[in-house]
Amino acid sequence: MAKRKLNETDEPSIVTEPQTQKKTKKSSTEKKEKKEKKSKSQDVKPQEEEPETQEEQQQTEEEQQLEQQLKDEQKQQDEKDEKKKSQKDQKKDQKDDAELTFSDLGLDPRLVQAVAKQSFEKPTLVQRKAIPLALAGQDVLCKAKTGSGKTAAYVLPVLSGILKRKATDPTPFTSALILVPTRELADQVHKAIDAFSAFCTKDIQSAKLTDNVSDAVLRSLLANAPDVIVSTPARAWHNIESGALSVAKLQYLVLDEADLVLSYGYDEDMENIARSLPKGGVQTTMMSATLVSDELDTLKGFFCRNPTMLDLKEEFSAEDEKLTQFYVKCGEDDKWLISYLIFKLQLIKGPCLVFVADIDRAYRLKLFFEQFSIRSCVLNSELPINTRIKIIEEFNRGIYDIIIASDERSEVFLEDEKTEEKKEDGEEKKSGKGKKKKGRRDQEYGVSRGIDFKNVAAVINLDMPTSSSSYIHRIGRTARAGRAGIALSMVVPHDLFGKHKPTSIKQCEKDEKVLAKVMRQQAKLNRKLEPYNFNKDQMEAFRYRMNDALRAVTKVAIREARTRELRQELLRSETLKRYFEENPNELSHLRHDGELGTKMRQQAHLKHVPDYLLPRDGKNALTESQVGFVPFRKQGDDKKLRGKKGAKGGKGGHGKYKKGPGGRKNVLKTFRVRK
Ligand SMILES: Nc1ncnc2c1ncn2[C@@H]1O[C@H](COP(=O)(O)OP(=O)(O)OP(=O)(O)O)[C@@H](O)[C@H]1O
């Protein structure tokens, strides 16, 4: 095809410039016309060209430079406009995103109905982001903060997908496997599935494999090919291997607390499960509040096909932050003194979770509290699963206020913690080979991960966790679903470590190191831990009582308490099952916070706090930071006080709540002392 000649009408494209560059445009246009004439002259048959004068050459170079400069400026301008536009769109998207409702997410209407029944007004961030991706068939790897609604974020799309498939193909087969690290969490997720499928129970059958039932019972349960199976990896693999559970047509795989599922020593089971999945692969969703990069690689390698990564950080301003975190540096024995004061003088009102390092410490604290008639119950891996589930349910129903929980992982999988430590220091990839210790402890116990304790006012780390990810999950038991909560961690300074032999434990040697790591990590989330200093002088008045109580709680008493409670609970567990089948609402008869009645020396004088012991000028005498207090009152003072304050029409007896640091009510200081 003949080459089209440039004719007079083809003007070269002139870059439109903003007004400010008008001058250069005219000069450049004139220069361009001049250039065109010259270039036209070049287009005609080559004739004898007059040699360019030096001046003309220089002029051409200048023109080229000017042209290049104009192009660069225009490019920058375009980039700026583009950036402004995308930021505007992003802001608009975020605003629209926050307005989204569950019905906007594309879920089956019956699920939207069930969610409304759960009084979920609108989807949380993780639900808004993860549900549409999952409904679109995407593999999703999601990191979102504790208590942000991850369970619904993965259950709803799975149920929606099953309902959609069943509309055309009603064949019954297991299409979803949800793997969680603990039996408590399996029970919780199974309950969530029941709640979300309330309006489609005919179409959705689910089962959990973590109950204490025989293989025969499980086999008959699985023979009906439930649509959704909730299990720990060990139980899932056991049933796949025996042929009771078929995953031949599995379509959805979910790993909740995905990082833990690997490091809980399940990696062998996970590899076996991965090998038994359909060759075409399954749609995989993985969720956790703490996903560290090398876990991600392992997980992706196992199951994912080009997953979408969601790392959702919800930045809260200091005022909006619902979780207030405190730490107190104190000696090993002072921890016990502070705990005694907090609960005996009720410096914290409402349900509390107290985390300790191991089961012995849990029973020691329970017996210690009993000396002062402070009621509590212990959650640990030795108790039967039915008991553990009932204790959580009763706690959530407000039957008792204090649960003492031991974080077994740091005990049972110490090796794993060490590798987790190294991993956090970036020293080496995690071996992930947590060694399963046999013994009567349930390897699938855990309460700091995923358990949805309701309305926990405070999480108290009497013993600091051994890793910052463990810290995140522990404090994640409070301030859930937008509610407020506080965390108080007791840290043994390195120079005080080992000074009080009776209460010293090896784990506390690294408290300050863990605290530093936690502070760094929380700072990334725009959160900080505030110091909470108890007034040593005022605390001294209570020290001898604390020592009395500690001395009474001997090793023998602890061992006796553990075995006695275990025997009681095993009996109760069986009784529990039969009893609650006959009397479903009679929970109160089987409280778990009763005194263990061991042979331990009972000291009646410790049961209450005499007035002479209470600091004269109220709670602020106990702590150094001057924030709002309600002064202590002696018996009978209430009437006088109410009389005085009541005269002014105000509510008698309440001190003014003053804002704590960061503008939030300092809940540690603003509760009335009730005797
Ligand atoms: N959209 C919502 N609106 C209101 N409440 C919600 C919503 N989604 C979940 N919740 C509630 O928030 C609480 C925490 O939900 P969930 O246990 O799923 O959080 P999570 O992110 O899984 O926590 P964790 O990291 O501890 O496992 C539950 O009580 C749940 O009922």
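Which charged end sits over the ring of W336? Select W336 together with R364 in this predicted model, and you will find the charged end of R364 over the ring of W336, 5.6 Å from its centre.

Keep W336 on display and add Y340, F343, F368, F369, F372 and F542, since ring pairs link these residues into a cluster.

For a wider view, colour the aromatic side chains throughout the model, where the count comes to ten aromatic pairs. Now select F326 and Y532, whose ring centres lie 5.4 Å apart with their planes at 70 degrees; because planes over 60 degrees apart count as edge-to-face, this pair is given that description. Following the backbone away from each ring shows that the pair links distant parts of the chain, with F326 in strand β8 (residues 323-329) and Y532 in the loop between β14 (529-531) and α19 (536-552), 206 residues apart. If you switch on a surface, F326 proves to be buried, with a relative accessible area of 1%, and Y532 is likewise buried, at 1%.

Next, return to the cluster and select Y340 and F542, an edge-to-face aromatic pair with 6.1 Å from centre to centre and 75 degrees between the planes. This pair, too, links distant parts of the chain, as Y340 belongs to helix α12 (residues 334-344) and F542 to helix α19, 202 residues apart. What relative accessibility does F542 have, and is F542 buried or exposed? The value for F542 is 0%, so this residue counts as buried, while its partner Y340 is buried with a relative accessible area of 1%.

Methods. Residues are numbered from 1 along each chain as its sequence is written. This is a predicted model: local features need pLDDT of at least 70, side-chain atom pairs count only at pLDDT 80 or more; totals for chains, interfaces and linings use all residues. Side-chain values use heavy atoms; hydrogens and water are left out. Rings of Phe, Tyr and Trp (its six-membered ring) pair if their centres lie within 6.5 Å; planes under 30 degrees apart count as stacked, over 60 as edge-to-face and the rest as tilted. Helices (H or I, at least four residues) and strands (E, at least two) are DSSP runs, numbered from the N terminus. Buried means under 20% relative accessible area, exposed over 50%, partly exposed in between (1.4 Å probe, protein chains only). A charge sits over a ring if NZ of Lys or CZ of Arg is within 6 Å of the ring centre and within 35 degrees of the ring normal.
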